[in-house]
Amino acid sequence: METYEIAPAKINLAQDILFKRPDGYHEIDMVMASVDLSDYLTFKCRSDQEIRVTTSQAFLPNDKRNHAYQAARLLQVNYQVAKGVDIGIKKRIPVAAGLGGGSTNAAAVLRALNRLWHLHLSQEELVKLASQLGSDVPYSLVGGVARVQGMGEIIKPLSKLPVSWVIIAKPPISVSTRKIFNQVDMQEFLKQPNASQVAAAIEAQDYQALMAATGNSLEQVTFARYPWLAELKAKMEKFGAQGVTMSGSGPSIIGFTQHQQRGQRIFNGLKGFCEEVYLVRVLNRPQDLRP
């Protein structure tokens, strides 16, 4: 038996780091959305218990370091599955870009193997498993537009975004989320939390208020390490994008426009400064993630 999954990238319209927990992790408050820049995963059941992962990018690991492998193994062990799986990953989402590529692959594996291995797990059960794989995996499992809190396990769906196009520019650098969070000094954080304002603007369908509220408190950390990202953000704003901010821990910079033609002009302008640029739409509904 075979099946497939579409694994969309995510963007952050807000990312607030609230405080550091006693266990060393950070409490977060984010607003996230899925976009139609996606990886494509195929699955074929095996009669043995082997998990094999192949990817379209040779530099990616295909063993236990791969998020997709980890997700398959978690299901296999937790539910004593006597079968294996061949997983093929066709990558389109840039790696280490703040767009959740590894997390959305792991989420796609949980969705697909729940069907392929006839586990009949509820979404609530899958979310609990997803939280063991990374802070972005529970959201990636659910998808759509949502406010995400705690350590990523509290997911509150929001209304659709006001009609808009999203421009994503990914510079030719990779950023380690772990390293960025390790550099967070809560005593020096200057940015006020804005996830509440972003969520309120979405619920009110107020595009201008949304554009004024978007922001990412990690910019001050990532930009200090990679100053060129501030220049890229300024370029995107100069070309006419609104609500320009960094996604995740970087390095991708995102911006918005309500008009496709303007989006195309911004896209064309940025191509002169950044090789990887995308013009995408938001996937507002969780069911948009399903095959």
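1. Let's start where the two halves of the assignment meet: 33 residues of domain 1 are in contact with 43 residues of domain 2. Please keep in mind as you look around that this is a predicted model. The domain assignment places domain 1 at residues 2-157 and domain 2 at residues 165-286. If you take the C-alpha centre of each, domain 1 and domain 2 are 22 Å apart.

2. How much area is buried between domain 1 and domain 2? The value is about 2,800 Å², and carbon and sulfur atoms account for 64% of it. On the domain 1 side, the residues that lose the most area to domain 2 are Leu13, Gln15 and Ile17, which together make up 21% of what that side buries. Try finding these three in the structure above.

3. Next, look at the kinds of pairing across this interface. Between domain 1 and domain 2 the count of salt bridges is zero. Polar contacts are another matter: 17 residue pairs in polar contact are found across the interface of domain 1 and domain 2, with both residues at pLDDT 80 or more.

4. Which elements give two or more residues to the side of domain 1 that touches domain 2? They are strand 1 (2-20), strand 2 (26-46) and strand 5 (145-150). Strand 1 gives the most, with twelve residues. Sorted by character, the residues on this side of domain 1 comprise 19 nonpolar, seven polar and seven charged.

5. Here is what the UniProt record adds. An unreviewed entry carries the annotation "domain: GHMP kinase N-terminal" for residues 66-144. In the model, that span is 53% helix and 9% strand, and its end C-alpha atoms lie 24 Å apart. The unreviewed entry also has "domain: GHMP kinase C-terminal", covering residues 199-274. Residues 199-274 are 55% helix and 16% strand, with 30 Å between the end C-alpha atoms.

6. Now for the charged pairs. Side chains of opposite charge can pair when their charged atoms come close. The structure as a whole holds twelve salt bridges. One of them is between the side chains of aspartate 136 and lysine 10, at 3.9 Å from N to O. This pair links distant parts of the chain, 126 residues apart. Lysine 10 belongs to strand 1, while aspartate 136 is in the loop between helix 3 (123-130) and helix 4 (137-142).

7. Two backbone details deserve a look before you finish. Where is the cis peptide bond? It joins glycine 250 and proline 251, with omega at about 5 degrees. Proline 251 is in the loop between strand 9 (242-246) and strand 10 (253-257). The other detail is glutamine 80, which has a positive phi of about 45 degrees although it is not a glycine. You will find glutamine 80 in the loop between helix 1 (67-78) and strand 4 (84-90).

Technical notes:
Residues are numbered from 1 along each chain as its sequence is written. This is a predicted model: local features need pLDDT of at least 70, side-chain atom pairs count only at pLDDT 80 or more; totals for chains, interfaces and linings use all residues. Side-chain values use heavy atoms; hydrogens and water are left out. Domain bounds come from an automatic or database domain assignment. Contact means heavy atoms within 4.5 Å. Buried area is the accessible area (1.4 Å probe) that two parts lose on being put together, summed over both. A salt bridge is a side-chain nitrogen of Lys or Arg within 4 Å of a carboxyl oxygen of Asp or Glu. A polar contact is a pair of N or O atoms within 3.5 Å; within protein, one must be able to donate a hydrogen and the other to accept it, and residues adjacent in sequence count only if both atoms are side-chain atoms. Helices (H or I, at least four residues) and strands (E, at least two) are DSSP runs, numbered from the N terminus. Ala, Val, Leu, Ile, Met, Phe, Trp, Tyr, Cys and Pro count as nonpolar, Asp, Glu, Lys and Arg as charged, and the others, Gly among them, as polar. UniProt positions are given in the numbering used here, feature names are shortened, and annotations may be inferred rather than shown by experiment.
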